Amino acid sequence: MELSRAASVLNVMEPIVIDTFKEHILTNRTLKCDCEKCKLDIVLLTLNHLQPHYTSTQAGEAYIKALFMNTQLQSDVIQELTRSLQVVEDNPNHD
């Protein structure tokens with residue numbers, strides 16, 4: 001099997017985590033540091049602790065996103081974002 005760089009591979013958790021971060025964290029909390037680096041670190045740390053869900057099609061993306069309409073899965077993402085937020089706030093990685 002040969003994969004080209006043109007093949008589109010998406011971890012559907014990325015937009016889910018980013019949207020959840022914006023909707024549930026940024027609108028409801030004041031971050032200790034509001035810089036883009038800290039926000040990105042929170043999202044990346046969260047993604048590293050959640051199971052990835054990859055797809056290469058729009059239908060696959062829609063299916064995976066539909067799975068995350070489950071309130072327990074939404075809660076899991078919010079809990080992991082909250083943990084990551086605390087880690088980044090306790091240990092900011094500024095240059």
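**A tour of α1 and its neighbours**

α1 and α2 are oblique to each other (angles of 65 to 115 degrees count as roughly perpendicular, under 35 as roughly parallel, over 145 as roughly antiparallel, the rest as oblique), because their axes cross at roughly 130°. This is a predicted model: local features need pLDDT of at least 70, side-chain atom pairs count only at pLDDT 80 or more, and totals for chains, interfaces and linings use all residues. Residues are numbered from 1 along each chain as its sequence is written, and side-chain values use heavy atoms, without hydrogens and water.

**Stop one: α1 and α2**

Select residues 13-26 for α1 and 36-49 for α2. Their axes (lines fitted to C-alpha atoms; angles run from 0 to 180 degrees between N-to-C directions) come within 10 Å. Now show the contact (heavy atoms within 4.5 Å). α1 brings Met 13, Glu 14, Val 17, Ile 18, Phe 21 and Leu 26. From α2 come Lys 39, Ile 42, Val 43, Thr 46 and Leu 47.

**Stop two: α1 and α4**

Keep α1 and add α4, residues 71-90. The two helices (DSSP runs of H or I, at least four residues) pack at about 75°, with axes 10 Å apart. They are therefore roughly perpendicular to each other. Colour Met 13, Val 17, Thr 20, Phe 21, His 24 and Ile 25 on α1. Then colour Val 77, Ile 78, Leu 81, Thr 82 and Leu 85 on α4. These residues make the contact.

**Stop three: the lining of the largest pocket**

Select Ile 16, Asp 19, Thr 20, Glu 23, His 24, Lys 65, Phe 68, Met 69, Gln 74, Val 77 and Ile 78. They line the largest pocket (an open set of points on a 1 Å grid where a 1.4 Å probe fits, with protein on both sides within 12 Å along at least five of seven lines; lining means an atom within 4 Å of a point). Which helix gives the largest share of this lining? α1 does, with five residues. α1 and α4 each supply at least two.
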